Amino acid sequence: MNPLRVFIADDEAPARERLRELLTDIAAELPTEVAGEAQNGLETVERLPASGAHVLLLDIQMPGMGGLEVARHLAGLPTAPAVVFVTAHDRHAVEAFELNALDYLMKPVRTERLAAALRKAAAAGPPPKEQLAHAARQPREYLSVVERNRIVLVPVREIVFLRAELKYVTLRTRSAEHLIEEPLVGLEAEFAEQFVRVHRNCLVARAAGSDEEPHWNVVLDGVAERLPVSRRQWAVVRVLVKDA
Amino acid sequence: MGHTRKRGALLKHRSMPMSIKQNFTADAVPDFRNLGVMARVLLAVNAFAFAAALTAEPNWSAVLDRFLRAAAMVEPMLLAAMVALYVLSPALARLAYWQGCAAVLAIALAVSGAVHAAVAPPDNGLAALARTLGLTAIAVVSLLAYLRLLTRAYSPALSEARLQALQSRIRPHFLFNSLNAVLSLMRRDPRRAERALEDLADLFRVLMQDNRSFVRLADEIALLERYAAIEQLRLGERLEITWELDTAPQDALLPPMVLQPLLENAVYHGVEPGTGAGRVVVHIERRGARVLVRIENPYFEEHARRAGNRMAQANIRERLQLFFDAEARLATRVAAGRYVVELEMPYRPAKA
């Protein structure tokens with residue numbers, strides 16, 4: 001049997017060390033090998049895709065990007081890993097996080113539980129995106145685009161607009177354009193604080209509105225395109241432009 | 001970490017029977033050097049004079065006029081009496097409660113008599129002097145009764161209950177992460193694991209004990225260092241603590257577990273959210289009759305917005321108030337990307 005490839009993500013070095021030790025301890029009943037390690041959220045998103053990991057042991061509280069958001073970006077990979085969350089929070093907090101539906105372990109981790117969780121996660125495969133989104137509760141700080149086997153992160157605060165086109169949503173920053181596969185409705189709900197709908201197919205960053213030409217097109221700072229504003233949405237947009 | 005303090009000195013002093021009740025015991029002569037007591041006396045006497053004027057005169061201008069005339073007499077008496085009480089306060093504190101009250105009354109009567117003789121027009125006879133002394137006696141007795149009620153309201157049962165409730169709590173994630181770090185050391189470095197468990201034990205001993213007595217600053221600093229040693233184990237090079245304790249008054253008394261939660265906050269909000277190294281500064285010094293503490297850490301605006309939890313600070317503020325009344329101050333500010341907490345309290349040396 002091929003060993004299970006496990007990736008370890010935790011910001012505390014002793015915690016990673018402990019997990020490596022435990023993996024060695026359970027080697028007889030569940031052969032594993034460490035596919036890679038990362039010490040913060042961004043590093044995990046960067047390193048995991050090329051590691052060929054089957055399962056990710058993922059600390060929830062990490063600097064840079066929390067574990068839940070990390071898992072949401074990884075879920076877009078064609079070969080997304082199974083995820084076992086690891087947390088130092090108590091059961092009460094786990095319930096508050098609504099992690100119940102996902103696989104999780106509490107620190108300090110026990111060998112038996114580790115073996116059982118790895119086996120279960122490996123059999124179940126990657127966690128469903130909806131469950132992750134439900135557990136996350138907070139809007140993401142990044143949107144991600146999968147390019148070949150790499151994840152490109154775009155900070156939400158750099159996005160100027162999001163426009164639905166056929167199957168995709170175009171995501172535009174001042175310097176680049178990407179296509180993402182997410183429904184605009186979901187994005188609108190998640191980022192209601194940062195974006196406003198100016199048209200049936202378009203969300204614009206509230207912070208990016210320019211008041212130079214407050215007519216039937218939205219002119220956006222630093223972007224050449226002008227976006228049409230529908231009659232129905234004009235009242236909303238006009239208030240925003242006046243406020244700016 | 002740049003410290004080489006003796007380990008093991010922590011718990012010896014901790015049992016010192018230095019009761020916090022010195023501010024709050026029901027039957028103790030009020031501390032006339034306490035800002036809160038002074039403010040209350042000033043306010044009450046003036047309110048008393050104003051009320052007297054209010055009942056004696058029919059309209060507002062007459063009331064004001066009478067109050068101002070009374071004030072010309074009352075204020076010199078009040079100030080002179082308060083200076084006398086301030087000077088004699090340590091001596092008064094050594095007397096039994098009733099003797100102390102009698103002494104306070106005698107001082108107030110002597111002072112107001114003297115001021116009356118100096119200020120009042122000479123043609124006023126003995127009747128006026130008797131009136132002044134009578135009013136002084138009423139004011140003194142009612143104030144002493146009021147201050148006694150006030151201390152009773154805070155203690156002993158009520159303030160003890162509140163202190164229990166206010167005892168600071170270590171975040172559970174700190175405990176479990178620390179245990180996890182110790183577990184990782186067990187095989188590789190058993191001696192270090194032992195040391196870490198000893199540190200944890202000391203920390204929790206203090207947390208769980210009855211935190212109602214003042215502690216010496218030296219003990220509180222030892223506790224900070226134990227806590228820091230555990231965090232260091234967990235966070236490694238990410239945590240960089242600069243200790244500025246050269247002029248810290250080791251014998252100063254302060255409420256227990258006031259500094260540790262501030263350092264814990266600094267690590268939790270200032271170091272853990274960062275991917276790189278974070279520097280925390282712990283600065284303690286004595287400046288005249290005050291003890292100043294400054295703890296600073298890197299400021300993460302995004303994290304602060306999301307976490308938004310200042311429970312520990314509210315808790316400490318309330319505890320400081322219970323121990324020091326209006327004489328302690330806790331202030332926070334953000335300056336040049338650093339979050340700074342400043343704590344100021346009166347310097348009260350432990351009696352050797």
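**Notebook: a two-chain predicted model**

I began with confidence in chain B, where the mean pLDDT (the predictor's confidence in each residue, from 0 to 100) is 83, and 84% of the residues score at least 70. I noted that this is a predicted model, in which local features need pLDDT of at least 70, side-chain atom pairs count only at pLDDT 80 or more, and totals for chains, interfaces and linings use all residues. Residues are numbered from 1 along each chain as its sequence is written, while chains are lettered from A and ligands numbered from 1 in the order in which they are written.

**Confidence**

I looked up the elements of chain B (helices, H or I, of at least four residues and strands, E, of at least two, are DSSP runs numbered from the N terminus) and found 12 helices and seven strands. Among these elements, helix α1 (residues 10–14) has the lowest mean pLDDT, 38, and strand β2 (residues 239–244) the highest, 97. Over residues 1–26 of chain B the pLDDT stays under 50, and the model has 44 contacts beyond four places in sequence for this stretch; two residues are in contact if their C-beta atoms, placed from the backbone, lie within 7 Å. Where pLDDT is low, the predicted coordinates should not be read in detail.

For chain A I found a mean pLDDT of 86, with 86% of the residues at 70 or more. Residues 211–215 of chain A fall below 50, and beyond near neighbours in sequence this stretch has six contacts in the model. For the whole model I wrote down ipTM 0.76 and pTM 0.70.

**Domains and the contact between chains**

Chain B is divided into domain 1 (26–154) and domain 2 (162–346), with bounds that come from an automatic or database domain assignment. Taken over C-alpha atoms, the centres of these two domains of chain B are separated by 44 Å.

I then turned to the contact between the chains, which takes 16 residues from chain A and 19 residues from chain B. On the chain A side I counted six nonpolar, four polar and six charged residues, where Ala, Val, Leu, Ile, Met, Phe, Trp, Tyr, Cys and Pro count as nonpolar, Asp, Glu, Lys and Arg as charged, and the others, Gly among them, as polar.

**Cores and helices**

Which residues have the most contacts inside the largest nonpolar core? They are Leu224(B), Leu263(B) and Leu320(B), in a core of 50 residues; such a core is a set of buried Ala, Val, Leu, Ile, Met, Phe, Trp, Tyr and Cys residues joined through C-beta atoms within 7 Å. Helix α9 (residues 217–235) of chain B gives the largest share of this core, 12 residues. A second, separate core has 39 residues and includes Phe7(A), Leu48(A), Val55(A) and Leu132(A).

I checked burial next: a residue is buried if 20 or more other C-beta atoms, placed from the backbone, lie within 10 Å of its own, exposed if 12 or fewer, and partly exposed in between. In α9(B), 18 of the 19 residues are buried. The expected span of a helix is 1.5 Å times one less than its number of residues, and for α9(B) the expected 27 Å agrees with the 26 Å between its end C-alpha atoms. Just after α9(B), Gly236(B) takes a positive phi of about 60 degrees.

In α7(B), the buried residues include Phe174(B), Asn177(B) and Val182(B). The buried residues of α7(B) pack against α1 (13–25) of chain A together with α8 (190–208), α9 and α10 of chain B.

**Backbone exceptions**

Most residues other than glycine have a negative phi, and most peptide bonds are trans. I found that Met257(B), which is not a glycine, has a positive phi of about 55 degrees; Met257(B) lies in the loop between β3 (253–254) and α10 (259–270) of chain B, and counts as buried because 24 C-beta neighbours lie inside 10 Å. Asp325(B), also not a glycine, has a positive phi of about 55 degrees, but with 19 C-beta neighbours inside 10 Å Asp325(B) counts as partly exposed. In chain A, a cis peptide bond with omega of about -10 degrees joins Lys107(A) and Pro108(A), and I placed Pro108(A) in the loop between β5 (104–106) and α5 (111–124).
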